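Let's take a friendly walk through a protein model. Have the sequence and the 3D view open side by side, and stop whenever you want to find something for yourself.

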Amino acid sequence: MAAYSFGNPPGSRIRAKLAVALLVLLAMSGCITVESNADKNSPAVSRSSRMNIPSAGENEGVSDKHTERNEKSLFNPKGMSLEQRIMPPEGYTRSDTSGFGRFIREYALKEDGAAVLLYDKREKANQNAHAAVFAMPLGERDLQQCADSIMRLYAEYLYTSQQADKIGFHFVNGFYADYGTWRSGKRIKVSKDSVYWVSSKAYDDSVEAFESYLNIVFAYASTLSMEGESKAIALENAQIGDIFLKAGSPGHVVMIADIAENADRKRAYLLAQGYMPAQEFHLLNNPAHTDDPWYYEDEMLYPLQTPEYRFEEGSLRHPVYLD
């Protein structure tokens with residue numbers, strides 16, 4: 001399925017006021033970069049330079065095993081979805097999937113070589129971290145950051161697959177914001193000392209109302225609330241849509257966007273992220289070999305290094321949004 005087109009009982013008043021203040025601060029704090037070797041000030045570049053395969057002299061230290069993986073190109077510049085753009089490595093085939101996994105594989109991408117843009121249309125400073133950019137709605141406010149981008153994907157999938165009643169996310173203070181109540185016409189009121197529903201409008205299941213719902217979720221949910229909506233798993237049990245998560249204020253999260261497997265049942269993974277400030281969701285390069293974005297099972301060691309973050313052991317989690 002391709003991407004759609006959208007252009008607890010209360011405590012004392014003191015505790016409640018503190019909770020709402022923390023809710024706002026924690027939800028808006030977003031993600032932070034952990035230092036890596038990426039050039040933070042590189043201009044936007046085309047794939048021909050960004051994804052340059054090393055010459056023979058530059059290949060010193062690169063394993064024969066990895067060189068063999070790339071005897072054929074992993075990129076189809078004309079492909080306009082993840083499945084069409086990024087080929088599985090030599091000897092691998094994409095794992096069987098349906099539902100959310102199929103939704104991600106068929107999600108529309110921007111043209112090959114596209115820069116990652118920020119919410120204000122400026123180019124992100126680091127254009128060396130990504131292999132492809134998802135054609136995902138972003139908005140014009142600094143809201144849709146790392147966790148938000150992944151919540152959007154789950155919400156879009158449920159919305160477009162006639163499962164909208166399952167859409168719901170917790171704010172960092174525990175308030176459950178479900179789309180069904182929003183669609184019925186109620187709206188969320190955040191006051192000095194509480195968060196609650198109020199009657200406001202008539203029933204509205206329009207795309208505009210859906211986008212408005214997502215914006216309120218993005219404002220008050222974060223990696224902290226996402227941690228409570230996910231459970232730790234082992235790598236062998238990972239599936240498309242699972243996440244590497246560091247909950248915090250700030251924290252960060254990346255999502256497994258695809259999985260391939262070879263005859264020995266060894267797996268390879270594609271990872272994707274949003275970031276701070278709000279920016280387009282993008283497929284990550286693998287800093288271990290920038291000509292090949294796949295993260296191979298034998299490379300998935302902790303701390304796991306992605307282009308802009310390091311994740312510690314225990315960070316792999318399964319979101320419960322579809323359970």
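What follows looks at a group of paired strands, then a pair of helices, then two loop residues.

Keep in mind from the start that this is a predicted model.

**Strand 9 and its partners**

Let's begin with strand 9, which covers residues 252–262. How many of its eleven residues are buried? The answer is ten, so strand 9 is mostly covered. The cut-off behind that word is simple: a residue counts as buried when its relative accessible area is under 20%.

Strand 9 pairs with strand 1, strand 8 and strand 10. Strand 8 has another partner too, namely strand 15. Here are the pairings side by side:

| Strand pair | Direction | Bridges |
|---|---|---|
| Strand 1 (residues 92–94) and strand 9 | antiparallel | three bridges |
| Strand 8 (residues 243–246) and strand 9 | antiparallel | four bridges |
| Strand 9 and strand 10 (residues 267–273) | antiparallel | six bridges |
| Strand 8 and strand 15 (residues 316–319) | antiparallel | two bridges |

You can pick out particular partners in the 3D view. On the strand 1 side, arginine 94 stands opposite alanine 260 of strand 9. On the strand 8 side, look for lysine 246, which faces histidine 252 in strand 9. Glutamate 261 has arginine 267 in strand 10 as its bridge partner. As for strand 15, its leucine 316 is the bridge partner of phenylalanine 244.

Now for the turns. How many residues join strand 8 to strand 9 in their hairpin? There are five. Strand 9 and strand 10 make a hairpin as well, with four residues between them. One residue to click on in that turn is arginine 265, whose phi is positive, at about 65 degrees.

**Two helices side by side**

Next up are helix 6 (residues 146–160) and helix 8 (residues 207–220), whose axes come within 11 Å. They cross at roughly 150 degrees. Anything over 145 degrees counts as roughly antiparallel, so that is how helix 6 and helix 8 are described. Their crossing is right-handed.

Who makes the contact? From helix 6 come Asp148, Met151, Arg152, Ala155, Glu156 and Tyr159. Helix 8 supplies Val207, Phe210, Glu211, Leu214, Val217 and Phe218. Sort these residues by type and you get eight nonpolar and four charged, with no polar ones.

**Two loop residues**

Let's finish in the loops. Glycine 274 sits between strand 10 and strand 11 (282–284). Is glycine 274 buried or exposed? Its relative accessibility is 0%, so glycine 274 counts as buried. Setting aside residues up to four places away in sequence, glycine 274 touches Gln145, Cys146, Ser149, His252, Gln279 and Phe281. You met His252 earlier, as the residue in strand 9 opposite lysine 246. Another strand 9 residue to look for is valine 254. Glycine 274 and valine 254 are 20 residues apart in sequence, and their C-alpha atoms are 7.6 Å apart in space.

Arginine 122 is in the loop between helix 5 (100–105) and strand 2 (130–133). Because its relative accessibility is 48%, arginine 122 counts as partly exposed. Leaving out neighbours within four places in sequence, arginine 122 is in contact with Val116 and Leu117. Try finding glutamine 279 as well: it is 157 residues from arginine 122 along the chain, yet their C-alpha atoms are separated by 9.4 Å.

Notes:
Residues numbered from 1 in each chain as written. Predicted model: local features only at pLDDT ≥ 70, side-chain atom pairs only at ≥ 80, totals over all residues. Heavy atoms only, no water. Axes fitted to C-alpha atoms, helices over the stretch in contact; angles between N-to-C directions. Parallel < 35°, antiparallel > 145°, perpendicular 65-115°, else oblique. Left-handed = near helix turned anticlockwise from the far one by under 90°. Contact = heavy atoms within 4.5 Å. Nonpolar A, V, L, I, M, F, W, Y, C, P; charged D, E, K, R; others polar. Buried < 20%, exposed > 50% of the residue type's maximum accessible area, 1.4 Å probe, protein only. Pairing = 2+ DSSP bridges.
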